[in-house]
Amino acid sequence: MAATELRGVVGPGPAAIAALGGGGAGPPVVGAGGGRGDAGPGSGAASGTVAAAATGGPGPGAGGVAAAGPAPAPPTGGSGGSGAGGSGSAREGWLFKWTNYIKGYQRRWFVLSNGLLSYYRSKAEMRHTCRGTINLATANITVEDSCNFIISNGGAQTYHLKASSEVERQRWVTALELAKAKAVKMLAESDESGDEESVSQTDKTELQNTLRTLSSKVEDLSTCNDLIAKHGTALQRSLSELESLKLPAESNEKIKQVNERATLFRITSNAMINACRDFLMLAQTHSKKWQKSLQYERDQRIRLEETLEQLAKQHNHLERAFRGATVLPANTPGSVGSGKDQCCSGKGDMSDEDDENEFFDAPEIITMPENLGHKRTGSNISGASSDMSLDEQYKHQLEETKKEKRTRIPYKPNYSLNLWSIMKNCIGKELSKIPMPVNFNEPLSMLQRLTEDLEYHELLDRAAKCENSLEQLCYVAAFTVSSYSTTVFRTSKPFNPLLGETFELDRLEENGYRSLCEQVSHHPPAAAHHAESKNGWTLRQEIKITSKFRGKYLSIMPLGTIHCIFHATGHHYTWKKVTTTVHNIIVGKLWIDQSGEIDIVNHKTGDKCNLKFVPYSYFSRDIARKVTGEVTDPSGKVHFTLLGTWDEKMECFKVQPVIGENGGDARQRGHEAEESRVMLWKRNPLPKNAENMYYFSELALTLNAWESGTAPTDSRLRPDQRLMENGRWDEANAEKQRLEEKQRLSRKKREAEAMKATEDGTPYDPYKALWFERKKDPVTKELTHIYRGEYWDCKEKQDWSSCPDIF
């Protein structure tokens, strides 16, 4: 997938951590910084990714010598530090900045301005690209030794810097400390003033008027206080003069009491004035915060009102849609070829809309009233010139299927989907437990997707003919990788099979193999698969799918072991699947990635192959979807190296031992191995117009084609899946709900029988698969479902009496 399609994937740069062994402790790794990092344009990191140091490699300790060698010599004349220059900066000049353990310290141009320290690769780069910026207001400046110093803002960003001399280092540290003090002061003033951006102009005016009135009243109180103090002093002086006069003792006592009360009154008035002044200061300090909180509450109330209104509309719409769905009549093929979709005529051609930005309420994609017309003509759905209805197209295809394999299916309707509206309440839950409408599905079940692993079965045919076990392992590894090639564009989910559902694929005459899958468990969902070939191999597996929705992406973790046995040699190989991740669930174009490691083991010889699926990284220079591997013998000696991508091809190179410098064996170099390169596997091109047919491969297009004589539990007979393939999604949703409810009733019945048997003390047999038996695997010692036979015999006799009624 092109890098331009990966919109919304790139986040902040990685904070790589160096794995050090021995040696001096290197500097801690820089996290995501502002601007672009040394790792290259667009890396989003403040510094380059630090490579893992070799064991015992020296890290830059005090003195800072890089593992790749000493730091480059500074230019003549020092680091080029300067005072305030023409750019208006407080200081700018050259410093050496630690990048990683390979490149060590690199010369960078630093600019200190307005409390921010920024750096560039050169002075000329200041015009267009900043490599990183750190705010000194929250940073700590630490001096390590005579020339080294560190600037860190608490872990998110850390710059390890080196000046050309101790004098130059001191100049920088002094300038940085001064800039930090100024930045802290400006930050404090900014905090006091508060953020007024979110406050409306009306609220600001009202607030200022209130504060102005408060200030005026406090000034009036201060004037009154001064007058009280002045008159109180005069009163006390007069009382003192009265005390000096020769008056009766009783009068002197009264005058003394009045004097004390005047003093108390003056003290109280002073306290009142001070309290009023404190209140004014407090109001001025916190009024901005109060105003912001009030504005936030107002916004919250408005949002709640809008949400309630929307919910009321959705509820009303759901009620009307439900009433319409419960009386929806069965459609005849003749009614399908109606006029153009009224929904499309109202909104225009849906294909012209941007699916990534188009959002609708979730209920609209679950059920539509009949008058909106899910019964589209073939031309309305696919844009083809044919006016044939979908049902007529399907009947026509059935006739063709009797002669040859079908090469097309009805085109996918252009319904706008809103996955987020359904999945926003399902974050952290298992995907198999989320009731999903068919709008997000493709018209295949998980059993059919599992059968798609056999698309490149010829790799196993070639492996069966190999006499060398190591060469055979190379083909098995290529087959393992090839099973992921169909997933690169397949962003729709398959149908979750019903318990007891089966799928057969009989290609014994055409390709020499036949395959059978059965859903052996519903929670957790598990499917057993058995394929056998007359070309000398058997493939069997039991896959349990566990998945978690994480908001931005969906992780799908297949659990279970895959077995491949070659009849002639008895070589028995096992491996497990890697994790599949669906990105951009919320916003952007959906894309799929595979990541992890696969160990393929030959249990007879001990040979191994380790495959590494490299996860996509915006910062990596490697090709996307890269896969590498090594084939080793039991002693660990590498005989073949594998290289390719999981969506295109796989190649192998034979490793020839060459004499090393010390007389020992050494690996053959890559350019010398070109002569031994062998193309193991290359992906088949997709059919014409595959983008309109769910990006199905040639094999996938044939999997759901109707075949006679299959078991009544076969996925081809599943009604909701068939309706969905024919483009009748509304009926498919209703049918899907019916099947799920039927399955729930069956499960409750089994649970009730089990509870009753427990109470009565009678033995009760839990659910058992029909064509597979659960037992311990003789090789892996795991409990797994292994094919017990009888299916093909029953098909030949057309004896399906033991099959459950699941549809």
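**From one threonine to the strands around S15**

A polar contact of 2.9 Å joins the side chain of Thr502 to that of Thr713. The model in which this contact appears is a predicted one. Thr502 lies in strand S10, which covers residues 502–507. Is Thr502 buried or exposed? Thr502 counts as buried because its relative accessibility is 1%, and the cut-off for buried is under 20%. Beyond its neighbours within four places in sequence, Thr502 touches Leu447, Cys517, Glu518, Ala711, Thr713, Asp714, Ser715 and Trp771. Thr713 therefore appears both in this list of contacts and as the partner in the polar contact, with Thr502 itself counted as buried.

Next comes strand S15, residues 562–566. Of its 5 residues, 5 are buried. Ile562, Cys564 and Phe566 point one way from the strand, while His563 and Ile565 point the other way. Residues on both sides of S15 are buried.

Which strands pair with S15? One is strand S13 (residues 537–549), which pairs with S15 in the antiparallel sense over 5 bridges. In this pairing, Gln541 stands opposite Ile562. Another is strand S16 (residues 572–575), which runs antiparallel to S15 and is joined to it by 4 bridges. Here His563 stands opposite Thr574. In general, strands of a sheet pair through backbone hydrogen bonds, and the pairing is either parallel or antiparallel. S15 and S16 form a hairpin with 5 residues between them. In the turn, Gly570 has a positive phi of about 80°.

S13 and S15 also take part in covering a helix, H11. Helix H11 spans residues 458–465, and its buried residues are Leu459, Leu460, Asp461, Ala463 and Ala464. The cover over these residues includes helix H12 (469–482), strand S12 (526–533) and strand S25 (678–682), along with S13 and S15. An α-helix has 3.6 residues a turn, so residues three or four places apart point the same way.

Elsewhere in the sequence there is an open sheet. It consists of 7 strands in the order S4-S3-S2-S1-S7-S6-S5, with antiparallel pairing. Strand S4 (132–135) and strand S5 (140–143) are the edge strands, each pairing on one side only. From one strand to the next, the twist averages 35°. At the S5 edge, the partner is strand S6 (residues 148–152), and the two pair in the antiparallel sense over 4 bridges. Within this pair, Asn140 stands opposite Ser152.

Note on methods
Residues numbered from 1 in each chain as written. Predicted model: local features only at pLDDT ≥ 70, side-chain atom pairs only at ≥ 80, totals over all residues. Heavy atoms only, no water. Buried < 20%, exposed > 50% of the residue type's maximum accessible area, 1.4 Å probe, protein only. Polar contact = N/O pair within 3.5 Å; in protein donor to acceptor, adjacent residues only side chain to side chain. Contact = heavy atoms within 4.5 Å. Pairing = 2+ DSSP bridges. Axes fitted to C-alpha atoms, helices over the stretch in contact; angles between N-to-C directions.
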